[in-house]
Each structure stands twice: as structure tokens, then as C-alpha cells.
Amino acid sequence: MESIQAFAYEMGKNGAKIWRCFSRDTRAVVPERIGEWNVAEIMPYAFSAHMDEAEFRKGLAQGKIKMFYPPKLGETADTLPALCGNRLEEMILSDGISRIGRYCFYNCENLNHISFTDRVRDWGSGAFTGCHRVGHIEIEMEQGEASTLKDVLAELREELYVDYKVKGQDSLGREAVQHARLYFPEYYEEGVENTPARILETHVHGSGLYYRNCFQQRVFQFQEYDSRFAYAQAQEGDDFLAHMVAARLRFPYKLSEEAKHRYEAYVTEQKWKFADLVISERNLSSMEWLMKTVGEQTEELADYMIVLAGKNSYPEGMSWLMDFKRRTFGAAKRRHRMEL
């Protein structure tokens, strides 16, 4: 069912500027256009519960701020609650938006997913202050390699992953999207007093800062990201490493052969851990990837995963694995018997 949303906005020289969204949903989708106007900007505190309501009401009363109601709704949006603060869980910023105001998502504690494009050129200071549950970012690249992804990651220190999508064309001139999925570890900084030197030293815990520094200017450096895997191995848990490696191999945009071999060697070394992970997540596409990566090397892994799928009451996975085993190892045995 499509979400019904109304917006409060004012006009600027580059288009409409969003003040507030009103909806019963927890997912905000800021459109490219409001009526006949392009949407260019999100105002400060627009999705925060800490907006200056007196200023907002004054703007409405003076006509500076206007309301946009979807045609299907009619002018009855006064019954819709403001979509802000803890109610906001997902944020989709449509193409064309170029600026996000300061403290836009201040203390949106349940915000977990945000999607934007490389057309966003400016994130106001403190945009994600108090947002500690953002676990998934999507960014669409349309204009080149530079973006404001670095600015967003700088404010979010918790573990998260980024779906990095590059729009282009294939060899036949058709629209195509290349895709990388990049996991970023958590990190935090701790102030430790050095009493003899009478200074306060900053100690960084976790490898997340190393990964967030894989930029030159505003261009993400995939080779740098892949070269820092040793830092993650030294400081992150097995589950995180498995997700990071699987994502990089399954969505290998700008993955060098050297890095690919390094990641594949890790999968081979930790194949039992990867098997546990894909079964627990009940993800057939991940299971297929794992078996094609290392499963064809040994029948033992297929047997292990079949038993594991049965213990976890996962009949779809068990059926797929049994078919994979028959196709991969059964056929090989028949050919061997015929050769004898």
C-alpha cells in the first residue's frame, strides 16, 4: 500500500525547501517535485522532534510556509501526524535534492536506513547527531565518482553497510547499474590522560576509522578499502568479517584480482563459519554464492550444510543443497564409473 504523505515547504531561488513531512507511515519519501516545483533542499531540523514549532507556525500563518497535499488526500492532512523524531525509520531522498539542513535528523533514534544520490552536495553540520541505529545507506552515483558519502560516514560511527550503485550503460547501450556493497566497522574514541606529559591522548578502538578514511577528496578509493582487510581481521569479530568478505565478492565493483584472491582465500579458510552464517540467515542467494565459491571443492561442506539446514528447520535450503550435491558430485562419480 502506497504511503500518503503531505509536506510543508517554502520557495527558494532553486526550488522548494521542505520544512516538515506529515504521514502515518515510518518511511519518508521526499519527491523530486511538489506540484510544479522542483524540490531542492531540506530545512534544518526538518525531521527532528526539536524543531522550533513557534517559528514553523508563524511561517504558516504568514503564508511563507505552504502545505502540499497529495490529490488523492484532499486538504485534510491536518489529521496526519508529523513524521519526525522517533517515528522516522527510513529516509528516501529523491534525485534533485542538493542540500540537507543542519541537525536535519537530530535525535531520530530509530532511523535505520537512508537513501540519497550524488546530487546532494552539502550536509549541514550535525545532521545525524543522536542517530545511532543507521545500519544501511544507499547512494546512487549518476554524475561521476565524487559524492558526499564521506560526510555522512563521518557522523555515523556504528557498524553499517553501504550499497554503492553506479548508473551507466552496458555494451549494448542499455541502462545498467553496477553495484558494490561495503561494510564499515564500528569505532569509538576514548580520551586517556597521560599524567606525566600532562596531556589528554585520544585512543581509537575498532577499525572503523581506517575504513572511513578511504577517500581522496570526495572520491571513494576501492583499492584502499580492500587493502585494509588486515586491520579488520585484527580487530573485528568473525560474523562481521564474513559479511564484509561475502558482500565484496558477491558485488565486486572495482574489485582487483589481488583483493579477490585474498578474500577467496579467507572464505576457503573459514568455510565452516560461512556455512553457519548463510544457513542461519536462510538466504538462498548467499548459499548459492558460497557453494559456487568453495562448495565445489569438497563434498564434505555440502553434507555439513545439509545436516545444518535440517537442524534449523530450513527445508528450502536443504532441498537446494541436496540438488547441488547431486548435480556437482553425483555426476562426477557417474563419469568416473563410465571411464573405468
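Here is a chat about how the labels on this predicted model come about.

User: What does the protein chain contain, how many helices and strands?

Analyst: The protein chain has eleven helices and 17 strands. It counts 340 residues, 42% of them buried. Along the principal axes, its C-alpha atoms fill a box of roughly 90 × 65 × 45 Å.

User: Why is C21 called buried?

Analyst: Buried means under 20% relative accessible area. C21 has a relative accessible area of 0%, so it goes by that name. C214 gets the label too, because its relative accessibility is 1%.

User: How do you know that C21 is in no disulfide?

Analyst: Look at the sulfurs. A disulfide needs a pair of cysteine sulfur atoms within 2.5 Å. For C21, the nearest cysteine sulfur belongs to C84 and is 9.4 Å away, so the pair fails the cut-off. By this rule the count comes to zero disulfides.

User: What makes R218 partly exposed, and what makes S313 exposed?

Analyst: Exposed means over 50%, buried means under 20%, and partly exposed is in between. R218 has 29% relative accessibility, so it is partly exposed. S313 has a relative accessible area of 54%, so it is exposed. As for where they are, R218 lies in the loop between β16 (215-216) and β17 (219-220), while S313 is in the loop between α10 (299-311) and α11 (315-339).

User: Which residue has its C-alpha atom 6.5 Å from that of R218?

Analyst: That's K150, which is 68 residues apart from R218 along the chain.

User: What is there to say about the phi angles of S313 and R282?

Analyst: Phi of S313 is near 50°, a positive value in a residue other than glycine. R282 is also not glycine, and its phi is positive, near 55°. You'll find R282 in the loop between α8 and α9 (284-293). With 42% relative accessibility, R282 counts as partly exposed, because that value falls between the two cut-offs.

User: And A275, is it buried or exposed?

Analyst: Buried, because its relative accessibility is 0%. A275 sits in helix α8 (residues 271-281). Its C-alpha atom is 6.4 Å from that of M305, a residue 30 positions apart along the chain.

User: How do you know what span to expect for helix α6?

Analyst: Take 1.5 Å times one less than the number of residues. Helix α6 (residues 238-250) has 13 residues, which gives an expected 18 Å. From first C-alpha to last, α6 reaches 18 Å, close to that expected span. Its buried residues include F240, L241, M244 and V245.

User: What makes a group of residues a nonpolar core, and where does α6 come in?

Analyst: The members have to be buried, of the nonpolar kinds, and joined through side-chain atoms within 4.5 Å. The largest such core has 87 residues, and F47, F105, W123, I137 and Y164 touch the most other members. The largest share of this core, eight residues, comes from α6. Apart from it lies another core, of nine residues, with A8, M51, F56 and L80 among them.

User: Why is one side of β3 left without a neighbour in the sheet?

Analyst: β3 (27-30) is at an edge with a single partner strand, and so is β13 (175-184), so each has one side without a neighbour. The open sheet has six strands, in the order β3-β7-β9-β11-β12-β13, and its pairing is mixed. From one strand to the next, the twist averages 10°.

User: How do you know that β9 and β11 pair?

Analyst: Pairing takes at least two bridges. Strand β9 (residues 113-117) and strand β11 (residues 136-141) have five bridges and run parallel, so they pass. One bridge matches H113 with H136 in β11.

User: What makes the pairing "mixed"?

Analyst: Strands of a sheet pair through backbone hydrogen bonds, either parallel or antiparallel. Here β11 and strand β12 (residues 160-169) pair in the parallel sense over six bridges, with I139 opposite Y164 in β12. Between those two strands the chain passes through helix α2 (residues 149-155), and this β-α-β crossover is right-handed. On the other hand, β12 and β13 run antiparallel, joined by ten bridges, and V162 stands opposite L182 in β13. Both senses occur in the sheet, and that fits the word mixed.

Key. Residues are numbered from 1 along each chain as its sequence is written. This is a predicted model: local features need pLDDT of at least 70, side-chain atom pairs count only at pLDDT 80 or more; totals for chains, interfaces and linings use all residues. Side-chain values use heavy atoms; hydrogens and water are left out. Helices (H or I, at least four residues) and strands (E, at least two) are DSSP runs, numbered from the N terminus. Buried means under 20% relative accessible area, exposed over 50%, partly exposed in between (1.4 Å probe, protein chains only). Axes are lines fitted to C-alpha atoms, for helices over the stretch in contact, and angles run from 0 to 180 degrees between N-to-C directions. A crossover is right-handed if, with the strands pointing away from the viewer, the path from the first strand over the helix to the second runs clockwise.
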